[in-house]
Amino acid sequence: MTGPVEKQQAAPRRSVPAAVLGTREERLSESQPPLAGRIVAYVLFFLLGFAVSVCGAFVQALWPPVGVLLALAATAATFYAGLRVTGTRLGAALPAAGWFLALLLLMVPRPEGDNVLWTNATSLAWLFVGSILGVICATLPTRTSWFPGVPGPPR
């Protein structure tokens with residue numbers, strides 16, 4: 001032996017959500033993208049929220065028990081990605097606005113009497129839980145001040 005064996009200090013284990021999403025301190029210390037990048041991201045996430053809503057309407061109806069979970073997972077991922085990419089609450093609110101706009105268009109019955117969204121349990125669960133996910137993501141702590149979309153002071 002060449003010397004005393006040193007014990008290696010094990011790093012504290014992080015919970016699964018903290019390992020995937022980061023801790024609150026890590027999220028709040030990230031720098032914000034430039035204004036032009038945020039504006040482009042706002043537009044893209046609005047359109048992505050619209051697309052996720054249209055796709056989710058058909059997926060939740062196509063595979064009833066699992067389809068609603070897939071649609072909700074895509075919805076939550078879109079809202080949270082908007083929040084994380086832009087660093088503002090507006091980044092989560094704009095995909096939710098696109099999502100709601102598509103839902104309003106999909107809920108209107110066609111002249112032939114066809115509906116995309118029916119009043120069954122999976123459609124209502126998708127509407128209700130998706131709305132809650134939008135509100136949750138839009139109210140999570142961000143790197144900005146309290147007003148949505150307005151950058152806070154430099155840290």
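These legends go with close-up views of a predicted model.

**View 1. A nonpolar patch on the surface.** Here you can find Leu35, Ile39, Val40, Val43, Leu44 and Leu47, which form a nonpolar patch on the surface. Together these residues have about 570 Å² of accessible area. One of them, Leu35, sits in helix H3, which runs over residues 35-62. Leu35 counts as exposed because its relative accessibility is 52%, and the cut-off for exposed is over 50%.

**View 2. Helix H3 and what covers it.** Follow H3 through its 28 residues, and you travel 40 Å from the first C-alpha to the last. That span is close to the 40 Å expected at 1.5 Å a residue. The buried residues of H3 are Arg38, Ala41, Tyr42, Phe45, Gly49, Val52, Ser53, Gly56, Ala57 and Gln60. Their cover includes helix H4 (64-86), helix H5 (89-107) and helix H6 (121-138).

**View 3. The two faces of helix H5.** With 19 residues, H5 reaches 27 Å from its first C-alpha to its last, close to the 27 Å expected at 1.5 Å a residue. Look for its buried residues: Gly91, Ala92, Pro95, Ala96, Gly98, Trp99, Ala102, Leu103 and Leu106. These buried residues lie on the same side of H5, because they cover an arc of only 155° around the axis. They pack against H3, H4 and H6. On the face turned away from this buried side, you will meet the exposed residues Leu104 and Leu105.

**View 4. Thr78 and its contacts.** Thr78 belongs to helix H4. Its relative accessible area is 7%, so Thr78 is buried, the limit being under 20%. Which residues does Thr78 contact, leaving aside its neighbours within four places in sequence? They are Phe45, Leu48, Gly49, Val52 and Pro95. Several of these names may be familiar from the earlier views: Phe45, Gly49 and Val52 are among the buried residues of H3, while Pro95 is one of the buried residues of H5.

**View 5. Tyr80 and Ala138.** Tyr80 is also a residue of helix H4. Is Tyr80 buried or exposed? Tyr80 counts as buried, because its relative accessibility is 17% and the limit for buried is under 20%. Now pick out Ala138, which is 58 residues from Tyr80 along the chain. The C-alpha atoms of these two residues are separated by 8.3 Å.

Definitions and conventions: Residues are numbered from 1 along each chain as its sequence is written. This is a predicted model: local features need pLDDT of at least 70, side-chain atom pairs count only at pLDDT 80 or more; totals for chains, interfaces and linings use all residues. Side-chain values use heavy atoms; hydrogens and water are left out. Patches are made of residues with over 30% relative accessible area and no salt bridge: like charges are joined within 9 Å, nonpolar side chains (Val, Leu, Ile, Met, Phe, Trp, Tyr) within 5 Å. Accessible areas come from the Shrake-Rupley method with a 1.4 Å probe; for residues, only the protein chains shown count as cover. A salt bridge is a side-chain nitrogen of Lys or Arg within 4 Å of a carboxyl oxygen of Asp or Glu. Helices (H or I, at least four residues) and strands (E, at least two) are DSSP runs, numbered from the N terminus. Buried means under 20% relative accessible area, exposed over 50%, partly exposed in between (1.4 Å probe, protein chains only). The expected span of a helix is 1.5 Å times one less than its number of residues. Contact means heavy atoms within 4.5 Å. The arc is that of the directions from the helix axis to the C-beta atoms.
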